[in-house]
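Hi everyone, thanks for coming. I'd like to walk you through one structure today, so please have a look at it before I start talking.

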Amino acid sequence: LKDIIMQSRRRPLLKTIQTSVITNSIRRFYQKRLFLPAFYLLFLTVVWFAAPISQLVLPHQLSSEVPFRELRNNRSRYIQTTLTNLHFTGYIQKVLGYTNGYYYYTFQDGQCIFVLLAPATCKKGSPDIERLQVRVHVIRHFEEYDTLTHMLAEDLNWTASGIRSRAPDYLLSEPGFHKFLSLLLLGFYFASGAYALANIFMSAICILFPIFAPACQRLRLYGSPKKLLLQAEKELVSCFTQKQVSSEEKMFLTTDFFLLLSENQIVIMPVREIIEAYKRSTLHKFFWHPSFISHTLLITAKRHVHIQCKNMKESDIDRMIHALQASKHQIPISFHEKKRQ
């Protein structure tokens with residue numbers, strides 16, 4: 001009597017576990033998919049502090065009184081500062097025939113600082129600018145330093161060494177801050193981060209609520225996803241209706257459902273909705289030399305649904321195709337245009 005009571009108590013728990021094979025497979029599938037986006041977000045966090053990306057988004061603020069002193073002691077490559085009494089040198093920077101910027105100079109903290117302003121900022125070479133708040137890229141040892149100081153020395157009738165003693169080898173480049181590659185880098189950084197975050201969110205939803213997984217939501221085309229999932233669970237665990245086709249226990253054919261529960265793909269498809277199924281073999285080459293052959297099971301279903309079960313064993317695909325053909329729905333097993341019509 002004690003054994004009978006204990007068995008009766010265990011039955012509900014055993015039934016719950018047995019009828020959750022598909023649900024548990026969905027949870028395991030999305031648990032594994034959490035790793036890569038989480039690792040990528042961790043990588044982006046490290047890059048945020050290790051690379052100057054944070055400075056592009058939040059440039060270091062320098063005061064307007066002594067920017068050179070702060071500039072010399074600061075390691076930031078991208079800064080935001082206010083410059084006063086800017087004077088046009090008369091020289092411009094061209095890149096591939098395009099005017100990239102105009103060279104200005106200003107005296108701060110007893111030193112002459114060179115500034116490269118964008119054409120729109122300086123109105124294409126205004127002689128003097130009293131005050132300007134600007135975001136710049138700090139370029140140390142810039143290439144045009146020797147040429148620029150030499151030309152200024154000739155214009156001012158002074159020696160190049162004399163100018164260089166008062167002008168440190170620094171360039172505050174506004175076009176360098178808004179470079180296309182910098183903006184492209186920021187766009188890729190935030191877009192890829194948002195994509196990884198969205199993947200984590202969707203995976204977490206599918207783990208907590210497997211019914212919202214795409215494989216289950218596809219069932220909405222053919223009826224209630226919840227009812228069809230429950231029916232598939234019951235048929236899968238039924239020892240009388242289960243027909244396991246895959247040698248690795250990944251692909252199943254029950255009375256009313258085709259199921260693929262692998263580490264890389266989850267498929268739940270009512271058999272009555274399948275129009276045709278066929279095999280496609282692809283020869284892969286490495287430097288024009290045949291490497292290996294991959295096999296794919298392709299299934300076409302109603303409501304314009306196309307399923308590709310990639311990288312499956314050829315023997316498993318053949319057994320599944322024959323099982324589908326032998327089912328009560330008599331599904332065509334080859335690709336013909338007449339059958340498609």
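Okay, one bit of vocabulary before we go in: when I say two strands pair, I mean that DSSP finds at least two bridges between them. And keep in mind that what you're looking at is a predicted model.

Let's start with the strands. Find E9, which covers residues 257-261. On one side, E9 has E8, residues 251-253, as a partner: the two run antiparallel and are joined by three bridges. If you want a residue to look for, take Phe252, whose bridge partner in E9 is Leu259. Getting from E8 to E9 takes a hairpin through three residues.

Now go on along the chain to E10, residues 266-270. E9 and E10 are antiparallel as well, with five bridges joining them. Here you can look for Phe258, which has Met269 in E10 as its bridge partner. This is again a hairpin, with four residues between E9 and E10.

So how many of the residues of E9 are buried? Five of the five, so the strand is largely enclosed by the rest of the structure. By buried I mean under 20% relative accessible area. Phe257, Leu259 and Leu261 point one way from E9, Phe258 and Leu260 point the other way, and all of them are buried.

E10 tells a similar story. Five of its five residues are buried, so E10 too is largely enclosed by the rest of the structure. Ile266, Ile268 and Pro270 sit on one side and Val267 and Met269 on the other, and both faces are covered.

Let me move to a helix, H3, residues 35-50. Its 16 residues should span 22 Å at 1.5 Å a residue, and the end C-alpha atoms are indeed 22 Å apart. Which residues of H3 are buried? Those are Pro37, Leu44 and Val47. Looking down the helix axis, you'd find the buried residues within an arc of 75°, so they line one face of H3.

Turn to the face away from that buried side, and you meet the exposed residues Phe35, Phe39, Leu42, Phe49 and Ala50. Leu42 has a relative accessible area of 52%, so it counts as exposed. Leu42 also belongs to a nonpolar patch on the surface, together with Phe35, Leu36, Phe39 and Val46. Put together, that patch has about 570 Å² of accessible area.

There's another helix to show you, H9, residues 180-208. H9 has 29 residues and reaches 42 Å from first C-alpha to last, close to the 42 Å expected. Its buried residues include Leu186, Tyr189, Gly193, Ala196 and Cys206.

Last stop: Leu298, in strand E12, residues 289-301. Is Leu298 buried or exposed? Its relative accessibility is 8%, so Leu298 counts as buried. You might also pick out Ile333, 35 residues from Leu298 along the chain, with 9.9 Å separating their C-alpha atoms.

That's my tour, so over to you for questions.

Methods. Residues numbered from 1 in each chain as written. Predicted model: local features only at pLDDT ≥ 70, side-chain atom pairs only at ≥ 80, totals over all residues. Heavy atoms only, no water. Buried < 20%, exposed > 50% of the residue type's maximum accessible area, 1.4 Å probe, protein only. Patch = residues over 30% accessible without salt bridge, like charges linked within 9 Å, V, L, I, M, F, W, Y side chains within 5 Å. Areas by Shrake-Rupley, 256 points an atom, 1.4 Å probe, with all protein chains shown as cover. Salt bridge = Lys/Arg side-chain N within 4 Å of Asp/Glu carboxyl O. Expected span 1.5 Å × (residues − 1). Arc of directions from axis to C-beta.
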